[in-house]
Structures are given as structure tokens and as C-alpha cells.
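Q: Hi! Could you walk me through this chain while I have it open on my screen?

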Amino acid sequence: MNTGSIKNKKVTNYTYYKLSLINNSLGGGVVVGRKKIKEFVIKILCAKCSTPLYIYKKEGPGSLVKCYVEGILKDYTNGNLECPKCGQQFARLAKYHNRPAHKIIQGKVIVKGHCGK
Ligand SMILES: [Zn+2]
């Protein structure tokens, strides 16, 4: 009976030791949470005539759905959401999270550059 209890104690101590190791590694300053949003600078062209429309700083990966006005680094258009060369409308005015944006009409633009897909 005695040997049994000692054995049990050993196991318990060992388990505790292992747990404390895990706890130490968890408390080792690993930052979890707030991820930094990646930014990608892309070029937006007219799908019809390949005229440059915007140089745009895109937030996060994925396909282009909208352009926040503040993210447009260079605007080649006349500000009327139409291609300056062929006159095709490529976006509509919209607001996302209270930020003015241009909602891209799918199929009207070509995106060049890394989108982080
Ligand atoms: Zn065009």
C-alpha cells in the first residue's frame, strides 16, 4: 500500500512539473490578439481599355470590392468614377464604416499588383 501511494505522489509531482512548464511557456510574452493589418499597394486599370484609374493602398488580403477614398494614393480619373479614356463607369459612391468609398463594379476593372491572396 505504501509503495502505491509513493508512486501516486511521484506521478502527481511529475504532472505538476509538466503543467508548470506549459504555464511558463504560455506566460513567456507571446502576444496574442491584435493582429497588424497588412497593406497592399495595387494598381487599378480600366477593364475595357487598360487605362490606369487608381493607385490604391488596399487593407488586408482578398479581392477588391471597394476603394476607401483615403486609400487612393493616385487618382488618374476626373473624380467622376468613370474611365477618363473610354468613359466607362467602374464604381459607385458608397460608405463603409462611415468612411467614404468607391464600390467597384465587378468586371469593370483590372487589378494589378499583389493582393495577398
Ligand atoms: Zn477605359
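A: Happy to. One term before we look at pairing: two strands pair if DSSP finds at least two bridges between them. Helices (H or I, at least four residues) and strands (E, at least two) are DSSP runs, numbered from the N terminus.

Q: Good. And what kind of model is this?
A: This is a predicted model, where local features need pLDDT of at least 70, side-chain atom pairs count only at pLDDT 80 or more, and totals for chains, interfaces and linings use all residues. Residues are numbered from 1 along each chain as its sequence is written.

Q: How many helices and strands are in the chain?
A: The chain has one helix and seven strands. Along the sequence the pattern reads α-β-β-β-β-β-β-β.

Q: Where is confidence lowest, and where is it highest?
A: By pLDDT, the predictor's confidence in each residue from 0 to 100, helix α1 (residues 2-26) is lowest with a mean of 58, while β4 is highest at 97. Residues 28-32 have pLDDT below 50, and in the model that stretch makes zero contacts beyond near neighbours in sequence. A contact here means that two C-beta atoms, placed from the backbone, lie within 7 Å.

Q: How should I treat low-pLDDT parts?
A: Where pLDDT is low, the predicted coordinates should not be read in detail. For the chain, the mean pLDDT is 82, and 67% of the residues reach 70 or more.

Q: On to the sheets. What is the order in the open sheet of four strands?
A: The order is β4-β2-β1-β7, with antiparallel pairing.

Q: Why is one side of β4 and of β7 left without a neighbour in the sheet?
A: β4 (72-75) and β7 (109-112) are at the edges and each has a single partner strand, so one side of each has no neighbour in the sheet. On average, neighbouring strands of this sheet are turned by 20 degrees against each other, direction ignored. For that angle, axes are lines fitted to C-alpha atoms (for helices over the stretch in contact), and angles run from 0 to 180 degrees between N-to-C directions.

Q: How many bridges join β2 to β4?
A: Three, and the two strands run antiparallel. One residue to click on is Y54, which stands opposite D75 in β4.

Q: And β1 with β2?
A: Strand β1 (residues 39-46) and strand β2 (residues 52-59) pair over seven bridges, again in the antiparallel sense. E39 faces E59 in β2, and L45 stands opposite P52 in β2.

Q: Which residue in that hairpin takes a positive phi?
A: S50, with a phi near 60 degrees, in the hairpin that has five residues between the strands. S50 is not a glycine. S50 counts as partly exposed because it has 13 C-beta neighbours inside 10 Å. The cut-offs: buried is 20 or more other C-beta atoms within 10 Å of a residue's own, exposed is 12 or fewer, and partly exposed is in between, with C-beta atoms placed from the backbone.

Q: What about H97, buried or exposed?
A: Exposed, because H97 has 6 C-beta neighbours inside 10 Å. H97 sits in the loop between β5 and β6, and this non-glycine residue has a positive phi near 50 degrees.

Q: What's the strand order in the other open sheet, the one with three strands?
A: That order is β3-β6-β5, with antiparallel pairing. β3 (66-68) and β5 (91-96) are the edge strands, each pairing on one side only. Here neighbouring strands are turned by 35 degrees against each other on average, direction ignored. β3 and β6 share three bridges, and Y68 has A101 as its bridge partner in β6.

Q: Switching to the core: which residues touch the most other members?
A: In the largest nonpolar core, of 13 residues, they are I44, L53, F90 and V109. β1, β2 and β6 (99-104) each supply at least two residues of this core. Such a core is a set of buried Ala, Val, Leu, Ile, Met, Phe, Trp, Tyr and Cys residues joined through C-beta atoms within 7 Å.

Q: Tell me about I44. What is it in contact with?
A: Leaving aside neighbours within four places in sequence, I44 is in contact with L53, Y54, Y56, V109 and V111. I44 lies in strand β1 and is buried, with 26 other C-beta atoms within 10 Å. I44 and V111 are 67 residues apart in sequence, yet 4.7 Å apart in space, C-alpha to C-alpha.

Q: And how much of the chain is buried?
A: Buried residues make up 14% of the 117 residues.
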